[in-house]
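Here is a friendly walk through one protein chain, from a single helix to its cores, pockets and cavities. Keep the 3D view open and follow along.

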Amino acid sequence: MKISLNWLKQFVEITESAQELDSLLTGTGLEVESIERHEAILGGLQGFVVGEVLTCERFMIKEKQLSLTTVDVGGETPSQIVCGAANVEAGQKVIVATIGTTLYDHSKGVEIFKITSKKTYGHLSEGMICAEDEIGLGTSHAGILVLDTDLPNGTPAAQYFNLEADLLIEIGLTPNRADAASHWGVARDIKAKTSRSITLPSVEAFKVDNNNFPIELIVEDAVACPRFCGVTIDGVKVQESPEWLRKSLETIGLRSINNIVDITNYICHGLGQPMHAYDWNAIAGQKVIVKTLPAGTKFTTLDEIERTLGETDLMICNGDEPMGIAGVFGGTKSGIKPETTRVYLEVAYFDPASVRKTAQRHGLKTDASFRFERGTDPNAKLYALKYAALLIQELAGGVIASEVSDFYPNPIADFSIPVLYKNVNRLIGKTLDKALVKSILESLDITIQNEDENGFTAIVPPYRVDVTREADVIEEVLRIYGFENVELSENLGTEFLSGFPQKDREQLQLKISQVLAANGFNEIITNSLTKPAYSALIKADLPNDDVEILNKLSEDLGVMRQSMVFSGLEVLAHNINRRQKDLKMFDFGKTYHKINDKYVEKRHLALYVTGNTENETWQLKSQKVAFHALASAVNKVLGSLGFKNLDTKPLEGTATFEYGISYVLNKKEVAKVGLVKPSVAKKAEVKQHVFFADFDWDYLFKQYNDKAVFVELPKFPEVRRDLSLVIDKTVTFDQIQKLARNYEKNLLRQINVFDVYQGENLGADKKSYSVSFILQDYEQTLTDKVIDKTMEKLMAAFEKEIGAVIRK
């Protein structure tokens, strides 16, 4: 929600700085997301001042008449300025762009140039006397702007034109604070926090001039529309809005349309009361009927889209057809037009649930629906109508040409909430003076009744739709009193302490399943019973005894599995035999072990990849799955669990893997990934290469921390530097990575190998790694000096620790 500071000042006095106002509003629950300076004119007339032409001498350059002037701009000595305008004369008051002032192309919103002291047509020129288009106050360039003013020379031009800069306040309004969805609403919180008074525009001048053009009001659904007010204004002139109104709307991002429509928007954002103006002559039968229409009825809204109505959509209709969707959007036929001379003005209270349902059905989010579906003030409707009517008379002329219609058969009652003082002190955590509690509530328009020593009854106005319980009333006291004013005692206590939520194993499993599915994996569910021959084949990897089945269904299902590998291989074989050879699968399952006559279950996550990485197309040839295709998926799983840059080591001497690596966390092996030995795959009748990964899911879940830590995105650019390292074949990339991170912990963000080369010219036992290093400082932009120093430190480490030769 956007708030204009100058607009806000019309309701309540503001003496705070932008930073203080930020703190004040955020403390009341209206979180300020940003405060930006808003200039009525691009550049805010910075550097433009009122000056006086002291002398003016004409001279000619190539048949062009120019003037050499001296101008008093408020400094110790006058400025000499060359001026090309024909109407410049001595004694004139003018607008001068002084040295250093930026000039803009106001039609395009871009900077043109800056005023400097320089020679112009052979004379020193120390500024520029401006025409109206050069300062952004018009389009004329016929001559300089001559002022009629007694302001001292040197007075800022913004002061002369009364162009006070505004502050645009962006508030992250929570759904429960519908009462603050306006400048009036924000002012109410400032009033409560500072004990200042609120000033509302007077409507005492409102009077009915005649009843020549009445509109018959019929409300058929008083549940969906508890209140509806309307009045006719005759003899209006639709035209451009005055400058103050245009600026008010433009500051909060609204486009000015015409004086009538702008007034309705001004009331909506100023008082939080959405309203609508109709062309009186477009209201067939001079009737306004609030009702629902049969499902399937077609209606074209102001955006010229034809919509199909539902049976519960509340509509504002005339005697013949619908004119608008109640509380959401108007129609094309009854809106204000340039030729409109008679206006029917309406303001209503619609049931929030009804508006919300209709807005969602049609996918419409308007300023009106935003407020109606959260709840507006039903008791401010008549005031808003009268104020809008007075503004229309002021800006568009006309007379009030009907009695005011006010359908309100069942006034919405205040909320009556019993409150105990002991609960106020218990929930706030501090004993507050009873007089202070009452004072805060009364400043929020909440009255006190039936007070005694134990408590009172709070009477809450219906516009506070979020205050319906005792705890809500106490929260109102606390947010105005100030959370920061509640001291933390040394010994905290509470009547109730909820248990800390435990990590949800199923939710975490679902999260990782979604990650894998997003990367092309399909989930499988496999049988925990397996062949004893499988365990025998990889016995070296299984230090524990098999868990045997006493009543075997068959010898093929005689034991519980100790490894996930064969369960997946059997699924792969089943699919490959049916000509589905390119497979990526994952399985959450258990293994079963007999350890010292005790039975132990362990949870695992297994991944299987085989076949080709991509299907063959006319653009690309298919490629066999490589180790890194699965290793990449393993890294994504570990990264999703919050584990990054784990230590790795080669898999050696295993019965399951031909080659591979294992990941180590806290000195414990948590995952293994590699190529399944062809002999093992062949045992399950799989004749193509299979890459297999096995995660210790129990340990990873135990180490997983579900608390997310958010950090601000870096503001400063990263830098890439590449090195080519000639090293022994025995040196791994993991060694290079660890070494680099040990020597540079502050700036190094990422390391990557983008090329590997081996050849006779390097030597039989040598290889070349091309490695990229990403450097970034979160506090400032890196300089070449810092970058060079960092890379020199890394190169020295590589040369010293792993005997690298840096190819330069």
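The report below starts with helix α2, moves on to the nonpolar cores, and then turns to the empty spaces and one buried threonine. Please bear in mind that this is a predicted model.

## Helix α2 and its surroundings

Helix α2 covers residues 18-27, and its buried residues are Leu 21, Leu 24 and Leu 25. Looking down the axis of α2, these buried residues fall within an arc of 90°, so they line one face of the helix. Gln 19 and Ser 23, on the other side of α2, are exposed. The cover over the buried residues of α2 includes two helices, α1 (5-8) and α5 (183-194), together with the strands β2 (31-38) and β13 (166-172). After α2 comes Gly 29, which has a positive phi, near 100°.

Leu 25 deserves a closer look. Leaving out residues up to four places away in sequence, Leu 25 touches Leu 30, Val 32, Ile 169, Ile 171, Val 186 and Ile 190.

## The nonpolar cores

In soluble globular proteins, nonpolar side chains tend to be buried together. Here, the largest nonpolar core has 58 residues, and those that touch the most other members are Leu 25, Val 186, Ile 190, Ile 267 and Leu 345. Helix α10 (residues 381-396) gives this core its largest share, 11 residues. There is also a second, separate core of 34 residues, with Leu 630, Leu 638, Tyr 663 and Phe 691 among them.

## Pockets and cavities

Which residues lie closest to the centre of the largest pocket? They are His 628, Asn 635, Ile 661, Phe 733 and Gln 737, out of 35 lining residues. Two or more lining residues come from each of α17 (627-640), β35 (647-650), β36 (657-665), α20 (733-743), β40 (748-757) and β41 (766-775). The largest share of this lining, 7 residues, belongs to α17.

The second largest pocket is lined by 38 residues, and Val 261, Asn 265, His 276, Leu 302 and Phe 329 are the closest to its centre. The elements that give two or more residues to this lining are α7 (259-271), β16 (275-279), β21 (322-325), β22 (329-330), β23 (342-349) and α9 (367-372). Here α7 makes the largest contribution, with 5 residues.

The model also has 3 cavities of 30 Å³ or more. The largest cavity has 14 lining residues, and Ala 178, Asp 179, Arg 188, Leu 271 and Gly 272 lie nearest its centre.

The table sets out the volumes and the classes of the lining residues.

| Space | Volume | Lining by class |
|---|---|---|
| Largest pocket | about 1,400 Å³ | 14 nonpolar, 13 polar and 8 charged residues |
| Second largest pocket | about 890 Å³ | 22 nonpolar, 11 polar and 5 charged residues |
| Largest cavity | about 110 Å³ | 5 nonpolar, 5 polar and 4 charged residues |

## A buried threonine

Is Thr 530 buried or exposed? Its relative accessible area is 7%, and buried means under 20%, so Thr 530 counts as buried. Thr 530 lies in strand β30, which spans residues 529-530. Apart from neighbours within four places in sequence, Thr 530 is in contact with Asp 556, Leu 557, Gly 558, Val 559, Met 560 and Arg 561.

Definitions and conventions
Residues numbered from 1 in each chain as written. Predicted model: local features only at pLDDT ≥ 70, side-chain atom pairs only at ≥ 80, totals over all residues. Heavy atoms only, no water. Buried < 20%, exposed > 50% of the residue type's maximum accessible area, 1.4 Å probe, protein only. Helix = DSSP H or I, 4+ residues; strand = E, 2+ residues; numbered from the N terminus. Arc of directions from axis to C-beta. Contact = heavy atoms within 4.5 Å. 1 Å grid on protein atoms, 1.4 Å probe; cavity = no way out; pocket = protein on both sides within 12 Å on 5 of 7 lines; lining within 4 Å. Points joined across faces, edges and corners; volume = space filled by probe spheres on them. Nonpolar A, V, L, I, M, F, W, Y, C, P; charged D, E, K, R; others polar. Core = buried A, V, L, I, M, F, W, Y, C linked by side-chain atoms within 4.5 Å.
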